[in-house]
Amino acid sequence: MGWREVTLVALLVACGAGGARSEQVRNLEVSEGAPVGTRVGFIGDGSTGITGPPYLIVPVPGSAGEIKTKVKLDRETRSSYSLVAIPRSGENIRVVVRVLDENDNAPTFPSAVMEIEFPENTPRDVKRTLNPARDQDLDIFNTQRYNIVSGNLNNAFRLSSHRERDGVLYLDLQINGFLDRETTSEYSLVIEALDGGNPPLRGSMTVNITIQDVNDNQPIFNQSRYFAVVPENATVGTSVLQVFATDTDYGENGQVEYSINRRQSDRDGMFRIDPSSGLIAVNRPLDFETKEIHELVVVAKDRGVQPLETTAFVSIRVTDVNDNQPTINVIFLSDDATPKISEKAQKGEFVARISVNDPDSKTEYSNVSVTLEGGEGHFGLATQDNIIYLVIVSMPIDRELKANYTLSVIATDTGTPPLHASRTFHVRVTDVNDNPPEFSESEYHANVLEVADPGTSVIRVIATDRDEGVNSEITYSLIEENHSHPAWFEIDPKSGLITTKSHIDCETDPVPRVIAVATDGGNPPLSSSATVLITIHDVNDNEPIFDQSFYNVSLPENEAKGRCILKVSAVFNIDFYMLYSAFQLGNNAIIFFQNDFKKMPSTEMHEFL
């Protein structure tokens with residue numbers, strides 16, 4: 001009955017029914033981690049009990065009232081509780097329960113990972129503010145210190161901290177030494193925050209630090225002095241050697257460009273260098289007798305805003321070139337250093353020189369095997385030292401049968417695994433004047449009227465030459481076999497057209513024979529000829545001619561009939577037909593004369609009375 005009375009009074013007080021009564025204050029404490037049912041303290045005279053979450057006042061015989069926890073407490077959620085108990089004595093008792101803090105919260109960073117950057121030339125002690133850890137616990141149980149757990153190579157960084165009025169322990173990262181991006185380009189620090197508990201609770205954060213590059217390193221050549229050799233007949237563009245410099249900086253600060261210091265070396269520009277690769281090549285024809293040693297000052301410069309540079313010396317001796325691993329260097333032995341060979345080349349004649357070598361370690365590639373592919377057996381390789389090879393003619397070659405050959409030189413070293421290199425080139429067979437012109441026919445036949453005017457076309461002869469170039473350029477000429485009259489015909493030296501040169505005469509030579517000659521432009525020139533038979537068709541342009549224009553004869557009047565009184569003769573220039581003519585003298589005298597098919601200078605004629 002007493003329990004219910006106290007409870008009722010407590011509810012009335014909570015509703016404001018007895019606010020005028022005096023009260024006592026009872027202060028109690030309990031840890032936030034206390035289990036449910038933990039005794040908090042006693043109030044009153046023990047005759048009444050008051051219940052109100054999260055407290056339970058339990059009447060205990062002979063006691064003043066016991067307070068226990070009803071639920072698990074959390075100081076960070078609520079740090080104190082206040083309640084009023086009205087015992088039967090009539091005097092109110094205000095109970096204030098303060099929740100004591102325990103180390104139940106670890107320091108927590110706002111993010112698990114943080115990214116920051118430092119230029120590599122950042123001075124010592126320079127700070128970068130990091131995100132601080134926060135701990136909901138109080139006082140000693142709050143964040144007390146920070147440590148670098150891992151990733152601090154060469155002790156490059158240290159931590160500093162300070163507490164502000166808000167109670168937060170703020171964190172800074174400081175440079176502890178000298179940064180060098182080329183040594184360490186990035187760091188990944190694991191930083192922990194510890195509170196003051198025993199044992200302390202911890203929270204961690206990873207700080208990724210990128211070291212930014214500055215142009216603090218000049219390019220460095222892999223050698224301070226280079227040596228190379230090159231034959232004096234090396235063609236322009238032939239590679240000599242490659243210099244190499246590195247810059248440990250990053251980006252454009254580490255990009256290297258090469259040049260030749262022309263003020264101090266190679267003023268004549270005999271060599272050039274590729275600005276990107278450092279490959280030195282022949283720039284102008286070399287002459288061993290003029291200069292045997294070329295000293296170059298090569299500059300390597302980076303591309304920084306304020307570029308840094310360094311130099312190396314290159315000594316090039318004009319002899320042979322051996323500068324790659326393994327490298328095939330082809331030098332063509334023609335007059336203009338191009339891949340060509342004359343078709344009159346004899347067996348064993350040189351086409352090209354092949355060198356295989358390694359300037360950095362000559363012995364390593366001294367046993368490089370070299371083979372030649374292509375050429376259909378017309379070309380081969382010859383060597384004495386397995387370093388220098390000669391491409392030679394193995395079989396006769398004929399440009400008119402094949403004008404070009406594709407050859408491939410393959411080099412294989414004896415390393416493990418073996419390395420291969422190949423070089424393909426095309427050899428052009430040059431022409432020699434070994435083919436005379438050829439007429440389309442060995443004998444030509446033509447016809448022309450004897451009344452043809454000078455310049456009349458008779459026939460065109462055609463000749464071809466299997467050679468090329470000037471060796472195939474044909475010039476025509478004409479030879480007339482009959483020297484009894486001036487030249488009747490001529491030929492155009494370019495086209496081969498035969499025309500009449502002067503008036504022709506069938507009676508003088510009815511079938512003149514001429515020789516057409518075709519001569520090429522080689523040195524010495526070659527020529528061939530063809531016979532041209534020209535038939536001159538006759539026209540009736542000649543009358544008989546007596547040996548004298550007047551004959552006088554005397555005879556007696558009683559001369560017998562049929563007696564021969566006079567013999568006359570006449571000359572005829574008539575060809576290829578039988579001609580009969582008759583002349584009548586007076587009323588009863590007829591003279592007959594005859595000429596047969598063959599040409600005859602004269603015939604006898606008799607007069608019969």
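Begin with the whole chain of this predicted model: among contacts with a separation of 6 or more, 64% join residues 24 or more positions apart. Colour by secondary structure next, and 45 strands appear along with 1 helix. Switch to a surface view: about 33,800 Å² is exposed, with carbon and sulfur atoms supplying 50% of that area. Of the 609 residues, 40% count as buried.

Now go inside. Select Phe221, Val240, Val243, Phe271, Ile280, Val314 and Ile316; these have the most contacts inside the largest nonpolar core, a set of 25 residues. To see where the core draws its residues from, show β16 (225–230), β17 (239–242), β19 (256–260), β20 (271–273), β21 (279–282), β22 (293–302) and β23 (309–318), each of which gives two or more residues. The largest contribution is that of β23, with 4 residues. Nonpolar side chains in soluble globular proteins tend to be buried together.

Centre the view on Val243. Beyond its neighbours within four places in sequence, Val243 contacts Phe221, Ile280 and Val314, which are also on the core selection above. Add Tyr226, Tyr258, Ile273, Ser277, Gly278 and Val298 to complete the contact list of Val243.

Finish on strand β23, where Thr310 is found. Is Thr310 buried or exposed? Its relative accessibility is 18%, and the cut-off for buried is under 20%, so Thr310 counts as buried. Select what Thr310 touches, leaving out residues up to four places away in sequence: Gln218, Pro219, Ile220 and Phe221 come from one stretch of numbering, and Val298, Val299 and Ala300 from another. Phe221 thus links the two stops, being in contact with Val243 and with Thr310.

Methods: Residues are numbered from 1 along each chain as its sequence is written. This is a predicted model: local features need pLDDT of at least 70, side-chain atom pairs count only at pLDDT 80 or more; totals for chains, interfaces and linings use all residues. Side-chain values use heavy atoms; hydrogens and water are left out. Buried means under 20% relative accessible area, exposed over 50%, partly exposed in between (1.4 Å probe, protein chains only). Contact means heavy atoms within 4.5 Å. Accessible areas come from the Shrake-Rupley method with a 1.4 Å probe; for residues, only the protein chains shown count as cover. A nonpolar core is a set of buried Ala, Val, Leu, Ile, Met, Phe, Trp, Tyr and Cys residues joined through side-chain atoms within 4.5 Å.
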